[in-house]
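This briefing gathers features of one structure by topic, for reading alongside the sequence and the coordinates. Please keep the model open while working through the points below.

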Amino acid sequence: MRRGMTQMMIANSSMHAPYVRMGRGSYRVMCDVLIAMIPPIVWAVYVFGGRAVTMIVVGVTFASAADYSFRRFIFRKGNDFDVSAAVTGILIGFALPVSAPLWLPAFAALVAICVKYSAGGIGKNLFNPAASGICVSYLLFGKNMTVFTKPFASLPAFALSVPDAVLNEYGVATSLDLMRDGKVVTSSIADYFYGIEAGAIGAVSAALLTVSLIYLLIRRVSGVGALAGYLMGMLVLTFFTAYADCEPIDFAATQLFSGGIFLVSVFMLSDYSTSPSTMAGKIAFGVVCAAFTVAIRYYGMIHYGEYFALLVSNMLVPVIDKATWQRVYDSYVRRNIDG
């Protein structure tokens, strides 16, 4: 009987986490994530106007259509709407500047869903789908993703591409662009935190993303392991390697509040299928991702480095899991199987 119970435990452990552990399905989890996305969406509309909504809607539409096609015609899993595709589409819209052409979120969404189903679908991903779509889009169309406009600029909501004259009028350097040249505007750090700056649609406000994180923690959808490792790793590494002409803490704060650091932390870093299973592994995963982010920002691309760092860290998840797995339980199971 003990042998049978042990085998049943192993069979259950092969099911995709965390739905067995948490006692809830993917639909409920993704609905909570959608609710958590409301504050940054509202702020994006306030700061960037109607075009922000258009970008997000395009991402959701193409992600959902591609997801439906894979489920219905390739994997034969039915024709029900998968909420996770909507989450992916919103994340892609969040990561893009409002000045990007409308075909860009469509392309990124299609890439993301292809990456998602290349491993079999939700719960089986090696790489975060949204981050994959953003990184592939940056490699192919980087120039379209690095033109940022000042807050409250009036951009045409439905134009396929924003006219060059409008971009020249409202275009502005971001805090990351200034930091690349060794400049930090310490008086604007509060604006970076609250989100009154140029940047990606849903990534500019660390304050509103913190509200989203609190909701996810209350709903027990997200954990603190990877998040704590990532943010603390970023803070420590940038503090001790500050190169701008300012106080190290100001440099570290600007690094934290600029770009997609908080967006990655809240909605991507703790993705169930692309992050480690143990608490020690999650913390190590966050620290590793922080190290890659700092290295890429310092020696490579200043924009979107956190997304590339996340994908590289995703590749190391099996290694981190193996190194941090609870050996006591593993030995107990093996002993009962063999005996």
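Glycine 281 lies in helix H16, and at a relative accessibility of 0% this glycine counts as buried. The model is a predicted one, and the points that follow take up helix H16 and its nonpolar patch, the loop between H12 and H13, the salt bridges, a further loop residue and an internal cavity.

**Helix H16 and the nonpolar patch**

- Although glycine 281 and proline 318 are 37 residues apart in sequence, their C-alpha atoms are 9.9 Å apart in space.
- On the surface, a nonpolar patch is formed by Leu217, Val224, Met279, Ile283 and Val287, which together have about 400 Å² of accessible area.
- Helix H16, which covers residues 279-299, gives the most to this nonpolar patch, contributing three residues.
- Valine 287, one of the patch residues, is found in helix H16, and because its relative accessible area is 40%, a value between the limits of 20% for buried and 50% for exposed, valine 287 is classed as partly exposed.

**The loop between H12 and H13**

- Arginine 220 is placed in the loop that runs between helix H12 (206-218) and helix H13 (225-240), and its phi is near 60 degrees, a positive value in a residue other than glycine.
- Most residues other than glycine have a negative phi.
- With a relative accessibility of 65%, which is over the 50% limit, arginine 220 therefore counts as exposed.
- Glycine 223 also lies in the loop between H12 and H13, where a relative accessibility of 34% makes glycine 223 count as partly exposed.
- The C-alpha atoms of glycine 223 and serine 270 are separated by 7.0 Å, while the two residues are 47 residues apart along the chain.

**Salt bridges**

- How many salt bridges does the structure hold? The structure holds four salt bridges, three of which are described in the points below, beginning with the pair of arginine 219 and aspartate 32.
- The side chains of arginine 219 and aspartate 32 meet in a salt bridge with an N to O distance of 3.1 Å, and this pair links distant parts of the chain, since arginine 219 is in the loop between H12 and H13 whereas aspartate 32 is in helix H3 (residues 26-36), 187 residues apart.
- The two partners of that pair fall into separate burial classes, because arginine 219 is partly exposed with a relative accessible area of 30%, while aspartate 32, with a relative accessible area of 4%, is buried.
- Aspartate 177 forms a salt bridge with arginine 180, and the closest N and O atoms of this pair are 3.1 Å apart.
- Because aspartate 177 and arginine 180 are three residues apart in helix H10, about one helical turn separates them.
- Aspartate 177 counts as buried at 13% relative accessibility, whereas arginine 180 counts as partly exposed at 49% relative accessibility.
- Glutamate 306 forms a salt bridge with arginine 297, with the closest N and O atoms 3.2 Å apart, and both glutamate 306 and arginine 297 are buried.

**A further loop residue with positive phi**

- Where is phenylalanine 152 placed? Phenylalanine 152 is in the loop between helix H8 (129-145) and helix H9 (164-170).
- The phi of phenylalanine 152 is near 65 degrees, which is a positive value in a residue other than glycine.
- Phenylalanine 152 has a relative accessible area of 44%, and is partly exposed because this value lies between the limits of 20% and 50%.

**The second largest cavity**

- The count of cavities of 30 Å³ or more comes to two, and about 180 Å³ of space lies in the second largest cavity.
- The lining of the second largest cavity is made up of 19 residues, among them Leu176, Gly199, Ala200, Gly259 and Gly260, which lie nearest its centre.
- Helix H10 (175-180) and helix H17 (305-315) are the elements that give two or more residues to the lining of this second largest cavity.
- Sorted by class, the lining of the second largest cavity has ten nonpolar, seven polar and two charged residues.

Methods: Residues numbered from 1 in each chain as written. Predicted model: local features only at pLDDT ≥ 70, side-chain atom pairs only at ≥ 80, totals over all residues. Heavy atoms only, no water. 1 Å grid on protein atoms, 1.4 Å probe; cavity = no way out; pocket = protein on both sides within 12 Å on 5 of 7 lines; lining within 4 Å. Points joined across faces, edges and corners; volume = space filled by probe spheres on them. Helix = DSSP H or I, 4+ residues; strand = E, 2+ residues; numbered from the N terminus. Nonpolar A, V, L, I, M, F, W, Y, C, P; charged D, E, K, R; others polar. Patch = residues over 30% accessible without salt bridge, like charges linked within 9 Å, V, L, I, M, F, W, Y side chains within 5 Å. Areas by Shrake-Rupley, 256 points an atom, 1.4 Å probe, with all protein chains shown as cover. Buried < 20%, exposed > 50% of the residue type's maximum accessible area, 1.4 Å probe, protein only.
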